[in-house]
Every structure is written in C-alpha cells, then in structure tokens.
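Hi,

Here is the model I promised to pass on. Have a look at it first, and my notes on what turned up follow underneath.

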Amino acid sequence: MLEIKNLHVNVGGREILKGLDLELPKGQVHAIMGPNGSGKSTLAYVLAGKDDYEITAGTVTWNGQDLLALDPSERAAAGVFLAFQYPMEIPGVATITFLRTATNAVRKARGEPELSTPDFLRVLKEKAAELKIDMDMLKRPLNVGFSGGEKKRNEILQMALLDPSLCVLDETDSGLDIDAVRIVAEGVNALRSPERSMLVITHYQRLLDYIVPDRVHVLSDGRVARSGGPELALELERSGYAEFDEAAA
Amino acid sequence: MELPVKQFQTRAEQAYLDLFNAAEQALPGAGNPWVADLRAKAIDAYAALGLPHRRVEAWKYTDLRSRLVEALPLSRATGRPLAPAELERALGGEIAALPAYRLVMLDGELRADLSDISELKAAGIELVSLTEALQKPPSWLKQSLGKINRQDRDPIVALNLALMSGGVGMRAAKGLTLDKPIHLIHLDAGADPVSVFTRNLVLLEEGASLTLLESYGSLGERDVQRNAVTEVQVGDKASLNHFKVQREAEEAFHLGTWLVKLGTDTRYHAFQFSTGAVLSRNQVYAAFAGEGSAFELSGALLMRRHQHCDTTLVIEHLVPRCSSRELFKAVLDNEARGVFQGKIIVSPGAQKTDGKQMVQALLLAEGAEFDSKPELEIFADDVVCGHGSTSGQIDEDLLFYLEARGIPEAEARALLIQAFVGEALEAIEHAELRDALSRASAEWLGVSYD
Amino acid sequence: MPAVQETVARVREIDVDKYKYGFVTDIDSVRAPKGLSEEVVRFISAKKKEPLWMLEWRLEAYRRWLTMQEPKWANVHYPKIDFQDLYFYSAPKSTEGPKSLADVDPELLETYAKLGIPLREQEVLAGVKGAPRVAVDAVFDSVSVVTTFKEELGKAGVIFCSISEAIQNHPELVRKYLGSVVPITDNYYATLNSAVFSDGSFVYVPPGVRCPMELSTYFRINAEQTGQFERTLIIADKGAYVSYLEGCTAPMRDENQLHAAVVELVALDDAEIKYSTVQNWYPGDKNGKGGIYNFVTKRGDCRGKNSKISWTQVETGSAITWKYPSCILRGDASRGEFYSIAISNGYQQVDSGTKMIHLGRDTSSRIISKGIAAGRSNNTYRGLVSAHRRAANARNFTNCDSLLIGDKCGAHTVPYIEAKNASATFEHEATTSKISADQLFYCLSRGLSAEEAVALIVNGFVRDVLQHLPMEFMAETQKLISISLEGSVG
C-alpha cells in the first residue's frame with residue numbers, strides 16, 4: 001500500500017505540491033487527473049526519486065517503508081516503476097543491453113538469481129511478442145529513432161521485465177494515436193494483478209476507457225481536490241477542468 | 001655540421017641539439033650521405049623553430065617548452081628478453097593476443113626474435129628495419145622516407161627525422177592483401193630514462209589492402225620521451241585500416257605523428273585510442289593527392305589524474321571529390337586535460353569536398369579541462385563542410401532514467417560513459433579490435449565485463 | 001514577394017560598383033597637424049577643453065602605444081599603416097560653437113538627410129504615425145555635431161550626449177567607467193584610440209529606467225586622409241534597459257582610411273543593453289582599391305548579477321573588418337548574446353566574431369554567426385568561448401554557418417572553446433556550404449531571376465540573426481544584403 005501524507009514539494013524555489021494526501025491500496029489502479037501545472041508529473045518524479053525536487057514536508061511510504069529515504073535504483077529494487085512521459089534516448093547503449101543490465105540489477109538487489117543471457121533472451125522474446133515489439137528494434141540504441149508508440153511500448157516492456165509492485169504511468173498516452181494507446185493499454189492491463197498497484201497519470205479520460213481505474217483523483221494546485229469512482233473521469237470529460245482552475249485561482 | 005647561430009631559450013631545446021651532435025656519428029646510416037643530408041636539413045629546421053610553446057598557434061594548449069625540461073639520452077638496443085606476460089601487461093591481454101603478424105620494437109629496435117618477420121615476408125610484404133634501411137636503403141624506401149606529406153614547419157617531426165634510430169619500412173605490392181593485420185608493437189624496455197625516436201614508413205601500392213595496428217606500451221615505470229612518426233602512402237585504389245592504441249605508463253611523454261598521403265580512389269579508415277602517458281600529443285596530417293578518396297579517422301581518449309592528451313589534426317583537401325570524417329570522444333576525470341584541434345583545409349579548386357568533424361568531451365570531475373579548436377579553412381564553394389564540438393557532464397536525466405530502472409548510480413554512470421565512448425568505437429570495422437577496446441574502456445572505468 | 005521585388009528594384013537603381021553613400025560633403029574643416037605625436041594628443045585634448053585627468057589618461061595611452069606591436073594573428077592582409085601620414089583630428093569649422101540644432105551647418109543637415117538620417121526632431125515626429133522614434137547622436141569625422149531628443153530623454157533621467165560633453169558635464173561617471181571594460185593597455189588599436197579618440201556617444205540609464213526610445217549614433221567619415229577614432233560608453237545601471245543602434249558610412253576614396261573605435265558597455269545588476277550595428281563603411285572599389293580599415297574593439301561587461309548584453313551586427317562594408325564584440329559574463333546568472341551577419345564581396349576581408357568569457361556562476365551565452373563570402377573576398381569567423389574555474393553551470397550554444405558564392409572567395413571558421421569548469425555545457429556547430437543548387441532551381445522554376453533567388457535564399461540564411469535587429473533596421477538590412485551581394489551571381 002502506498003501512503004502519501006501532507007506532501008509539500010518545491011521545484012526551483014516554487015511550491016508545486018502543497019499538502020498532497022493519497023492512499024493506494026495493494027492491487028488497485030488509481031488514476032490521477034488534473035489540469036496542466038497541477039503537479040501530476042511532479043508527483044511521478046517524486047515517487048521515482050528525481051533530483052531537484054525538494055521535499056519540504058510530508059511522508060511517502062510504500063508497504064510501510066520510507067520511500068523518500070531511498071535512491072532511485074533502490075526504489076526500483078523495492079518495486080517502484082515509473083513509465084516516463086518522455087523516455088530518454090541513449091545513443092550507444094543497445095536496448096537489449098540496457099534491459100538485461102536493469103533486469104539483473106533489480107534481481108540482484110532483490111536477492112534473486114541473475115538471469116543468464118539465454119534465459120533472459122527467452123523471457124524478453126516472450127514479453128516483447130505480447131507487446132508486438134520486434135526483436136530487431138531492441139538491437140537498436142535505447143529509444144534512439146524510436147517512434148512515440150515504440151518508446152511507450154518499450155516502457156511497458158521494461159515494466160513487464162522488472163516485475164514492479166508499484167507502477168506509476170506518467171501521461172503514457174501522450175503523443176499516441178488511438179491504436180498505439182490500445183496496444184499500450186492492453187500491455188498494462190495484462191500486468192494488472194492483486195499483487196500490483198498502479199497510479200495512472202493522465203490529462204485525458206481517453207486512456208481510462210482502456211485502463212479502467214478503481215478510483216479517480218483530481219489534482220488541482222498541488223492537492224487532491226476531489227476523489228471518486230471511474231464516473232468522475234467521465235464527468236471531467238464533459239465539464240473540463242474549469243471548476244478546478246477556478247478553485248486554484 | 002655547423003650549427004645555426006641562434007640563442008636558445010631553454011635547456012631542453014639546446015640539449016636536443018647537443019644530443020644530435022654527440023650521437024650523429026653513432027646514429028644508424030652514419031657515413032651514408034643520403035642519410036646525413038636528411039638529418040642535417042631536419043636538425044636545421046628544428047634549430048630554427050625550437051621547441052613549440054603556447055605562443056605558437058598550433059601548440060597553444062600544449063606548451064612543450066615548459067613541459068620538456070630536459071632531453072633524455074637516446075635509447076640503445078638492449079637485447080632484453082620479453083616474457084609473454086609482460087607483453088600482455090603492457091598492451092592488455094586481448095590486444096596482445098590479437099591474431100596478427102607481429103613486429104616488436106623494444107626501445108625502437110626491431111627484435112627479430114620476437115617478431116614474425118619471415119612470415120610477413122612470405123606473405124608478400126617487403127620489410128626492412130629502419131636501421132638496415134638507413135645503411136642499405138632499398139630504392140622504394142629511399143625515394144619516400146621523409147617525403148610523404150612532409151611537414152617542414154613542425155619541429156617535432158623535424159626532430160624525429162634528425163634523430164630517428166628505430167622503426168620499420170614496409171611495402172605492400174600492387175593488389176596485395178593479407179589474411180591478418182600487421183601489429184607494430186612499440187615498447188619501452190630498459191630501466192634507465194631514455195628518449196626514443198622511431199619512424200615507420202608504410203607504402204601501399206595500387207589496389208593493396210592492409211590492416212595496420214600500432215600499439216604503444218611500457219614494460220617499466222621510467223621516464224620516457226617517445227617521438228614516433230609513421231609515414232603512410234596509400235596508392236590508387238588501395239585501402240588501409242590504421243589503428244593506434246597508446247597505453248604507456250604515466251611517466252611517459254608521447255609525441256606521435258602520422259603523415260598520410262592518399263592517392264586516387266583510396267579508402268583510409270583509422271582509429272586512435274589513448275589511455276596512457278602523462279603528456280601525449282597525437283598529430284595526424286593527412287593530404288588528399290588524388291580524387292575520389294574517403295578518409296575516416298575516429299578516436300577515444302580516457303584520461304585521469306594529471307594526464308594531458310592533445311589530438312591535433314590537419315586534413316588537407318587539395319583535390320576535388322574527397323570526403324573526410326572525424327569523430328573523437330574524450331573522457332576526462334580528476335585534473336586531466338584534453339585538447340582537440342582539428343583543421344579542415346579545402347584548397348581552391350577542391351570542389352565537391354565533403355568534410356565533417358565532431359568532437360565531444362565528457363568531464364567527470366571539477367578539475368578536468370577540455371580545450372577545443374575545430375577549424376575550417378575553405379577556398380572552394382561547392383563543398384559541404386562542418387564541425388561540431390561539445391563538452392559537458394553526464395546528462396543527469398539519462399542517469400535518473402537508468403537509476404529508475406534499478407541500475408545503481410556508479411554502474412549507471414559507467415554504462416553512460418561506455419555508451420559515449422562506444423559511439424566512436426563503432427567506427428572500427430575490425431570486430432575483435434573493437435571488442436578489445438570496448439573492454440579496455442570498461443577496464444579503465446573499473447567495470448567488470450560480462 | 002513584395003520585399004524581394006523591392007530589393008531587386010533597389011539593386012537595379014544602383015550601378016554595379018557604386019556605393020550609395022560615397023559622396024563627399026564640401027565643408028571647411030579644422031584639422032590637427034598631420035601625424036601622431038604627444039603634441040597631437042595635447043592638441044585634441046585642448047580642442048575639447050578637457051580636464052587635466054583626461055589629458056593624462058590619453059598621454060599614458062599614447063606612451064603605452066609606442067611600445068606596442070601591431071597584431072598579426074588575424075586573417076587579414078594590408079600594407080603597413082603609416083601613422084605619420086594620417087590626420088587624427090578633423091572637425092567641421094561650424095561645430096566649434098555651441099551645439100543646438102539651430103546652429104548646425106545646413107550642409108551637415110543636408111548630408112545626414114541624404115544618408116537617410118533625419119536629425120530635425122520635427123521631421124522625425126512628422127514621420128509615419130506610430131513609427132518608433134529614435135534619438136540620434138551624429139558624429140561627423142572627429143566630432144559629434146548634434147544629439148537629438150536630449151530633453152525628452154533627460155526627463156526620464158537618461159543621459160545621451162557626445163562623450164566630449166560627458167567629460168565636461170558628467171566627469172564622475174566618465175572617470176568611473178571609461179577604460180573599465182577596455183583598459184588603455186588592451187590592444188594596439190584600442191590603446192591608439194585611448195590616446196586620440198575625438199568623439200563618440202555617451203549613454204547613462206539610471207537605476208530602474210527603461211530608456212523610452214531607441215538611441216543611435218550615426219558615424220560619418222568625410223575628410224581625406226583622416227582616421228576616425230570614436231569612443232562610445234554605455235552604462236545601464238541596476239535594472240535599466242537600453243537599446244542602441246549604430247550606423248556608419250564614408251565617401252568613396254582611393255585611399256584606405258582607418259577607423260579604430262572602442263565601445264564599452266557596462267550592465268549592472270538586472271540591467272540589459274542591446275547594441276545593434278549596421279556597418280556600411282565604404283568597402284573599396286571592385287578592384288580592391290580604397291575602403292575603410294575597420295579595426296574596432298567592442299566589449300560589454302555584464303558586471304551585475306542577472307544582467308544581459310546582446311550584440312547584433314550586420315557587417316557589409318569596409319575593406320577590412322577586424323572586430324570581436326565580446327561579453328565578459330562576470331555577474332552570476334548574466335547572459336551574453338552575439339548575432340552576426342558578415343557579408344564580404346569584391347576584395348573585402350572580414351575577420352570577426354566574439355568572445356564569451358564566463359566568469360560568474362550560472363552564466364549563459366549564445367552565438368549565431370552567418371558569414372557570406374562572394375567575389376574574391378575572405379570571411380573569417382573567429383571566436384572564443386571560455387568557462388573559468390568559478391563559472392559553475394556555464395552554458396554556451398554556438399552556431400556558425402558560412403555560405404560561399406563563387407569559387408574565388410574563402411570562408412574560414414576558427415573557434416576556440418575552453419572549458420575549465422566541468423559543469424560547463426558547451427555546444428558548438430559550424431557548417432560551410434554553397435547556396436544549394438536545388439533551392440536555386442526551385443526558385444528559378446517558380447519564376448524568380450537568379451538575383452532574386454540569391455537575395456531570397458541569403459535572406460533566409462540570415463533570418464535567425466535578422467530577427468534580433470530592431471524592426472526599423474530589418475527591412476533596411478535586407479536591402480543592404482542584396483546590394484552587398486550585387487554582381488556575385490554569374
């Protein structure tokens with residue numbers, strides 16, 4: 001279970017999160033929605049442990065463990081996975097090399113045996129096929145020259161390989177056409193399990209047609225302004241964020 | 001010979017002249033008027049130029065006059081044995097083990113007992129040691145030595161010509177190809193501080209194709225001043241893969257120069273890899289003498305502590321329709337300093353020239369420094385030329401991405417540095433060497449390679 | 001494409017090899033004795049009724065200059081200058097008295113009108129409604145003949161006058177800042193200028209003031225065998241902003257004339273100075289005879305935190321140009337910019353660029369340089385970007401592109417990039433190419449003439465820089481580019 005209490009975060013001297021509270025029980029999928037600038041991506045980065053995000057107050061625990069005390073790689077080992085809105089391009093690092101390095105680093109940290117290259121390739125082929133990812137694509141440098149859809153599928157592939165218990169999907173649908181959204185969403189749905197919690201951050205309701213959440217939270221001015229069931233997303237689709245913008249102003 | 005009347009400003013400058021005067025009669029080829037003339041003209045050129053210092057534009061960032069405080073005695077043949085383990089330590093196991101025709105030079109002396117001379121000759125290469133050649137030069141060598149892309153204004157090249165006492169000359173006849181690379185192994189061998197002046201001459205006749213690896217290493221930890229020149233002439237339609245790996249001890253000064261001349265429709269692919277020496281300067285002068293040639297030169301240097309590594313390239317497009325490509329990567333840690341100077345010259349009339357150059361530096365520590373001077377000098381209009389130069393630290397966003405995937409910070413950094421260097425290594429078509437250098441960079445980073 | 005049509009129309013009006021501003025104004029002048037000596041320095045100082053400290057400053061520079069060597073590192077070639085064969089001071093007789101617009105010799109007003117620089121404020125005001133007003137300091141040979149809009153600027157607290165007046169009326173400001181960016185020992189020509197500078201502009205913008213209009217100086221060399229040595233000093237106090245334009249022309253003469261100016265800019269905390277130059281000195285004739293030697297030292301000091309200095313230059317004139325408008329980024333988080341278009345044709349030689357010296361933390365700089373070489377000219381970009389030990393997080397982006405028109409010209413790029421701080425991020429890119437045959441063909445096939453097509457493509461090539469010019473200069477510059485390239489298409 002993820003518990004966020006009274007979280008205050010400054011970026012570049014400006015307060016972005018202003019006392020955010022959130023509970024995400026094990027096995028559930030919650031959506032975070034909100035207008036631009038409400039702090040959605042900040043929340044994602046804070047959970048993954050990016051530098052330059054100054055936590056001035058509040059706590060974040062994951063299954064009782066203080067998440068904020070951990071380095072980004074330790075968080076990954078502890079089961080936190082962030083699917084980036086803008087996955088990084090790393091020329092010179094073959095995608096396969098990166099995937100194997102990450103998988104084994106996480107396995108090692110969890111006390112699991114590292115996968116031999118043939119074992120790893122077997123797992124990789126299987127997961128890649130589910131996401132309709134061509135093995136040739138994985139021989140190319142990480143994300144370099146990938147289309148928007150390929151990058152996002154690659155993120156989901158990493159999610160499948162690293163076997164996280166908390167997935168944070170940051171605007172995973174941005175820049176994707178409807179077919180790509182469907183493929184990505186199917187990949188995510190396949191990973192839904194009673195052992196895995198997910199936080200789906202999105203500006204639009206569209207993605208939630210495919211990944212149906214248990215709860216929806218609306219972020220406004222650095223706080224959760226409203227929570228509700230999946231119907232809240234539909235309501236927002238109709239009325240927009242105007243009400244929340246006003247609240248923030 | 002008579003010395004020119006010139007007041008020298010530093011002890012080392014004068015010391016090289018003294019060295020020359022004292023050794024002249026004992027240098028190989030003494031008494032041979034051809035050699036005497038070569039040496040005399042060269043020492044005069046050096047005497048007129050002096051040791052380069054920072055007010056000399058081409059040496060702005062590498063002040064040799066202040067760094068070379070004395071001239072070490074000239075190296076002598078030692079006859080020292082060489083155990084395989086020593087060779088491995090000096091070059092790195094994988095490089096030492098590369099299947100190749102080996103030519104081993106200890107302090108400049110070509111060692112027949114350690115080299116594959118007869119095999120190489122049997123494969124069709126004409127081969128002489130420089131010592132032999134200066135005494136009884138074959139005509140092909142006499143015609144070319146000191147004349148390929150000669151750089152009379154370069155004091156280091158002049159000093160080398162005046163004092164050359166080791167190296168090899170070789171010629172690949174028309175159309176010759178070999179089954180494996182030729183590996184020129186230069187090691188400094190003795191226990192006493194020495195200066196080593198070697199000069200190699202490599203001629204490829206029409207349509208010949210060779211892979212040549214020059215590696216430089218140290219068997220001990222003593223002061224060495226190395227001045228190594230390789231003259232390369234690539235005949236029409238010939239092809240040369242030319243590599244250099246410099247892993248000398250951190251006591252060494254390494255001044256290396258390649259003088260390259262390309263004929264018509266040639267292909268020249270080169271790579272330079274440096275991790276050694278306290279001060280190194282890798283100079284490449286390349287000139288296109290025939291149309292339709294393709295030149296590619298890449299390199300990687302990984303430096304730390306107080307190492308200083310200077311790469312200086314002068315690429316002269318004298319004729320139309322040639323291309324040149326350079327990609328260099330510098331990784332600088334601690335107080336290390338990297339210097340890159342790359343000049344592309346396009347002469348009047350050298351139309352359809354395509355010249356591109358890129359240098360990128362990664363600074364790992366606060367005290368590291370990188371100075372770059374890419375230069376274009378263009379006198380023809382129908383050209384596409386460009387250069388780029390970047391320097392900076394490891395991209396924090398990339399690092400975070402890797403860490404967020406569970407890769408610990410130190411490992412993530414190493415992976416990014418490896419990838420950075422790897423982009424340059426990709427230019428090496430010789431797979432075994434590429435892998436060996438990839439492992440050498442990993443080793444430098446302290447990463448075990450699985 | 002009305003702009004292109006207009007450009008081409010303008011080009012046709014002018015005969016090839018005719019410089020538009022090449023006329024001579026017939027006017028009586030007072031000159032210093034020919035040649036350079038301590039006496040001449042004293043003569044200039046006395047003419048200007050300068051205080052003793054100023055004379056001593058000049059003499060110190062002169063003595064220093066005697067010990068200096070002419071620099072040789074630039075990629076320019078010219079016969080040795082005989083400094084004893086030059087006049088170092090020449091002023092229209094009529095300007096000896098008090099300077100108000102009414103007192104200005106009508107001949108001079110006519111000259112400036114002919115150059116397209118209206119000096120009568122009412123003319124400016126009577127211009128197109130809503131058009132931006134520009135205050136002008138007009139410098140003719142060695143002296144400032146008039147400065148417009150002084151009163152209105154005075155109301156805002158902005159001081160805009162000739163440097164001679166500033167020495168008389170604002171000695172405390174001049175003493176504090178003159179030579180503080182370009183010291184008298186700086187380089188051969190700057191030191192010479194320090195000894196013999198005759199006039200130039202002075203600007204002081206007080207704290208928090210945004211200068212209410214564009215300021216500009218128009219330099220005109222008229223007299224023969226005369227060097228022009230102007231000195232400009234601009235200070236933007238804390239939080240101030242000023243935009244300044246500089247234009248220059250000279251008559252066509254067979255001799256080479258020397259122009260060795262010094263410009264110093266000082267930006268204190270949060271201040272911003274935008275300095276634009278359209279340099280159109282006489283470039284010499286088609287055989288390379290005559291023209292101005294433009295040996296100029298321009299430097300800005302971002303002295304305060306968060307300050308900004310931006311140089312924009314359009315260099316089309318002069319036989320030889322040797323100038324590197326630079327920024328010393330001393331204040332933390334200060335910013336420097338350099339935008340340049342340098343066009344050379346005929347036998348012109350250009351060696352120009354910039355220096356961005358990062359000294360403070362979090363400083364950033366940007367260099368965009370577009371060089372165009374045609375005819376038998378040589379065009380060199382020379383630049384330095386350096387980050388010193390303390391300059392943590394320094395950032396630079398440099399883009400230098402060169403375009404060659406014809407196979408008798410040369411384009412050269414000589415950047416020096418020195419990162420002495422690991423957290424500095426430097427990016428430099430440069431390209432050299434000719435006008436793309438495909439682009440030309442495309443334009444021709446759409447009905448443009450070769451001249452129109454080249455003008456269009458070159459204007460596109462320099463667009464990144466053009467957009468940094470003040471609006472009123474932009475159109476003028478586009479025309480100037482076409483004119484400068486005239487005859488370059490075979």
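Let's start in chain A, where 6 strands make up an open sheet with mixed pairing, running in the order β6-β9-β10-β3-β11-β12. The edges are β6 (80-83) and β12 (223-228) of chain A, each of which pairs on one side only. On average, neighbouring strands of this sheet are turned by 20° against each other, ignoring direction. Keep in mind throughout that this is a predicted model.

One pair in that sheet is easy to find on screen: β9 (residues 166-170) and β10 (residues 197-201) of chain A run parallel and share 5 bridges. If you want a landmark, look for Cys167(A), which sits opposite Met198(A) in β10(A).

Next, the helices of chain B. Three of them are worth following in turn, with α11(B) as the one to keep in view.

Helix α10 (residues 396-404) of chain B packs on α11(B) at an angle of about 125°, and their axes are 9 Å apart. Angles over 145 degrees would count as roughly antiparallel and 65 to 115 as roughly perpendicular, so α10(B) and α11(B) come out as oblique to each other. The crossing of α10(B) past α11(B) is right-handed. On the α10(B) side the contact is made by Leu398(B), Leu399(B), Leu402(B) and Glu403(B), which meet Glu409(B), Ala412(B), Arg413(B), Leu415(B) and Leu416(B) of α11(B). By class, that contact has 6 nonpolar and 3 charged residues, and no polar ones.

Now the other partner. Helix α11 (residues 409-425) and helix α12 (residues 431-445) of chain B cross at roughly 150°, and their axes come within 10 Å. That angle is why α11(B) and α12(B) count as roughly antiparallel. Here too the crossing, α11(B) past α12(B), is right-handed. From α11(B), the residues involved are Ala414(B), Ile417(B), Gln418(B), Val421(B), Gly422(B) and Leu425(B); they meet Arg434(B), Leu437(B), Ser438(B), Ser441(B), Ala442(B) and Leu445(B) in α12(B). This contact divides into 7 nonpolar, 4 polar and 1 charged residues.

Over in chain C, is helix α9 (residues 188-196) buried or exposed? 8 of its 9 residues are buried, so α9(C) is largely enclosed by the rest of the structure. The buried ones are Tyr189(C), Ala190(C), Thr191(C), Leu192(C), Asn193(C), Ser194(C), Ala195(C) and Val196(C). The cover over them includes α2 (38-47), α3 (52-66), β8 (231-236), β11 (262-267) and β13 (291-302) of chain C.

Finally, how the chains meet. Between chains A and B, 22 residues of A and 18 of B are in contact. On the chain A side, α2 (72-77), β7 (90-94), α3 (95-109) and α6 (148-162) each give two or more residues, and α3(A) gives the most, with 5 residues. That side of chain A has 15 nonpolar, 4 polar and 3 charged residues.

Between chains B and C, 29 residues of B touch 28 of C. β18 (369-378) and β19 (384-392) of chain B each supply at least two residues to the B side, with the largest share, 10 residues, coming from β18(B). By class, the B side holds 12 nonpolar, 9 polar and 8 charged residues. There is strand pairing across the two chains as well: β18(B) and β22 (residues 410-419) of chain C pair antiparallel over 6 bridges. Glu377(B) stands opposite His412(C) in β22(C).

Cheers

Definitions and conventions:
Residues are numbered from 1 along each chain as its sequence is written. Chains are lettered from A and ligands numbered from 1 in the order in which they are written. This is a predicted model: local features need pLDDT of at least 70, side-chain atom pairs count only at pLDDT 80 or more; totals for chains, interfaces and linings use all residues. Two strands pair if DSSP finds at least two bridges between them. Helices (H or I, at least four residues) and strands (E, at least two) are DSSP runs, numbered from the N terminus. Axes are lines fitted to C-alpha atoms, for helices over the stretch in contact, and angles run from 0 to 180 degrees between N-to-C directions. Angles under 35 degrees count as roughly parallel, over 145 as roughly antiparallel, 65 to 115 as roughly perpendicular and the rest as oblique. A crossing is left-handed if the near helix is turned anticlockwise from the far one by less than a right angle, and right-handed if clockwise. Two residues are in contact if their C-beta atoms, placed from the backbone, lie within 7 Å. Ala, Val, Leu, Ile, Met, Phe, Trp, Tyr, Cys and Pro count as nonpolar, Asp, Glu, Lys and Arg as charged, and the others, Gly among them, as polar. A residue is buried if 20 or more other C-beta atoms lie within 10 Å of its own, exposed if 12 or fewer, and partly exposed in between; C-beta atoms are placed from the backbone.
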